[in-house]
Every structure is written in C-alpha cells, then in structure tokens.
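Biologist: I would like to go through this model with you. Could we begin with the charged pairs?

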Amino acid sequence: MDVIRKKLLAIQRWLVLVRFGENAVRLFFYALCIFSVFVLADRLIYLNLDLYQGLVWMTGLALLGAAAWVVLSRITLMKAAHVADDELGLKERLSSTLALGDAVTPMEHALVLDTAAQARKLVVTRTARFRFPRESRFFYVPAALIVISLMVLPPMDLLGRLEAKTLEETKKGQAKKDAAKIEKRVAELKKVAEEKKLPQLEG
C-alpha cells in the first residue's frame with residue numbers, strides 16, 4: 001500500500017503543476033484581453049499607460065489567480081487516482097485500492113498487490129496531460145489589437161488629456177525657471193549690498 005500512496009502523491013504533485021499551468025494560460029488570455037482594451041483606450045483618450053508595468057501586473061495577476069484556483073480546487077489523492085485511472089485506462093484500479101484502505105480478505109490483498117505492481121510501472125508525467133484551454137486558440141485577437149493600437153493607430157487624445165498635461169507641465173517648468181531667476185537676482189543684490197556695505201536685502 002505504501003508503494004501505491006507514494007506513487008499517488010507523485011501523481012498529485014504532477015496534477016497540481018499541470019492544472020496550475022492550464023489555469024495560468026487561461027487567465028493570462030483574459031488578462032491580455034483586458035490589457036489590450038487599456039492599450040486601445042490609451043491611444044484614444046490618453047491614460048498615461050506604462051506598457052511594461054501593465055504587462056507585468058497582468059502576468060502576475062494571472063499567475064496568482066492560477067495558484068488560487070489550484071488551492072481552492074483541492075486536488076486530493078482520490079482525485080489524482082481517478083485522473084490516473086481515466087488517463088491510463090486502469091478501470092478505477094488505483095481509486096478502488098485507495099478507497100479500500102488496509103486489505104483484510106485474500107481478494108483484497110490480491111487487489112492491492114496487483115495495483116502496487118501496476119503503480120511501479122506508472123510514468124507520472126503520463127498520468128495527466130497538459131491541455132491548452134480553448135481560450136488559447138484566440139490569443140491572436142488581443143495580440144492583434146495591441147499591435148494595431150501601437151503600430152497603426154496614432155495617438156488621438158480625444159478628451160484633450162495629453163494636451164492639458166503638457167500645458168500643466170509647461171507652466172510648472174516656466175514657474176521653476178522664473179523662481180530660479182528671482183533667486184539669482186536676489187543673490188546678486190545681496191552681493192552688491194555687501195560690497196557697498198549697505199543693509200542686506202531680506203530674501
């Protein structure tokens with residue numbers, strides 16, 4: 001029975017990894033769809049979008065969501081046994097033996113021994129196959145929208161947000177220049193006052 005449990009633990013870990021990968025691909029597709037909409041909106045109304053940072057955030061959220069999905073789905077040893085039975089055509093041999101627990105009758109001992117012999121031959125990576133989710137067939141849609149938005153569509157700034165930001169930055173820059181000129185002029189006057197031994201001007 002120990003042989004069977006050890007093999008099922010290995011299958012369980014492999015199944016967790018496979019399901020995590022499948023869910024990560026699925027969630028990244030939806031994250032990419034959302035990201036493509038933001039990219040398009042940035043070209044139309046200017047959102048001051050940082051493409052690199054946005055893509056990093058979307059990827060991180062997809063991975064985090066995939067991990068949460070796997071945790072909440074609770075892949076148990078019994079579930080791992082059922083998956084292995086289905087994939088390898090074992091006719092519920094692993095799941096039945098696991099549910100049996102400790103063998104008592106000669107027939108149960110025979111079942112455990114037969115299942116243990118089968119378990120030794122199992123290749124863990126063949127017990128659960130990675131399958132790309134259906135959504136992966138449509139990755140080209142958000143990818144094409146991003147490419148078109150960045151390469152073809154010119155910045156439109158329909159709401160004048162970029163123009164307003166540019167004007168504000170220009171005003172701030174001019175205010176800094178004027179302040180620097182005033183400070184420079186005050187310093188010059190102080191220097192002249194010191195040379196002529198006149199009362200210092202207050203800044």
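Modeller: Please note that this is a predicted model. One pair to look at is Glu135 and Arg26, which form a salt bridge with their closest N and O atoms 3.6 Å apart.

Biologist: Where do Glu135 and Arg26 lie?

Modeller: Glu135 is in the loop between helix 5 and helix 6, whereas Arg26 belongs to helix 1, so the salt bridge ties together parts that are 109 residues apart in sequence.

Biologist: Is Glu135 buried or exposed?

Modeller: Glu135 counts as buried, because its relative accessibility is 13% and the cut-off for buried is under 20%.

Biologist: How many salt bridges are there in the whole structure?

Modeller: The search finds two. Besides the pair just discussed, Glu22 bridges to Arg19, with 3.3 Å between the closest N and O atoms. These two residues are three apart in helix 1, so about one helical turn separates them. Glu22 counts as buried at 10% relative accessibility, while Arg19 is partly exposed at 25%.

Biologist: Let us turn to the fold. Which elements does the chain have?

Modeller: The chain has seven helices and zero strands. Of its 203 residues, 28% count as buried. Among contacts between residues at least 6 apart in sequence, 74% join residues that are at least 24 apart.

Biologist: And the interior: which residues have the most contacts inside the largest nonpolar core?

Modeller: Those are Ile4, Leu8, Ile11, Leu15 and Leu94, in a core of 19 residues. At least two core residues come from each of helix 1 (2–45), helix 3 (77–88), helix 4 (93–100) and helix 5 (106–121). Helix 3 gives the most, with five residues. Another core, of six residues, lies apart from this one and includes Ala31, Leu32, Met58 and Ile146.

Biologist: What does Ile4 touch?

Modeller: Leaving aside residues up to four places away in sequence, Ile4 touches Leu94, Thr97, Val112, Thr115, Ala116 and Ala119.

Biologist: Now the outside. Which residues form the nonpolar patch on the surface?

Modeller: The patch consists of Leu51, Val147, Ile148, Leu150, Met151 and Val152, which together have about 570 Å² of accessible area. Helix 6 (residues 140–152) supplies the largest share, five residues. Leu150, found in helix 6, counts as partly exposed at 33% relative accessibility.

Biologist: How much accessible surface does the chain have?

Modeller: It comes to about 14,100 Å², and 64% of that belongs to carbon and sulfur atoms.

How values were computed. Residues are numbered from 1 along each chain as its sequence is written. This is a predicted model: local features need pLDDT of at least 70, side-chain atom pairs count only at pLDDT 80 or more; totals for chains, interfaces and linings use all residues. Side-chain values use heavy atoms; hydrogens and water are left out. Patches are made of residues with over 30% relative accessible area and no salt bridge: like charges are joined within 9 Å, nonpolar side chains (Val, Leu, Ile, Met, Phe, Trp, Tyr) within 5 Å. Accessible areas come from the Shrake-Rupley method with a 1.4 Å probe; for residues, only the protein chains shown count as cover. A salt bridge is a side-chain nitrogen of Lys or Arg within 4 Å of a carboxyl oxygen of Asp or Glu. Helices (H or I, at least four residues) and strands (E, at least two) are DSSP runs, numbered from the N terminus. Buried means under 20% relative accessible area, exposed over 50%, partly exposed in between (1.4 Å probe, protein chains only). A nonpolar core is a set of buried Ala, Val, Leu, Ile, Met, Phe, Trp, Tyr and Cys residues joined through side-chain atoms within 4.5 Å. Contact means heavy atoms within 4.5 Å.
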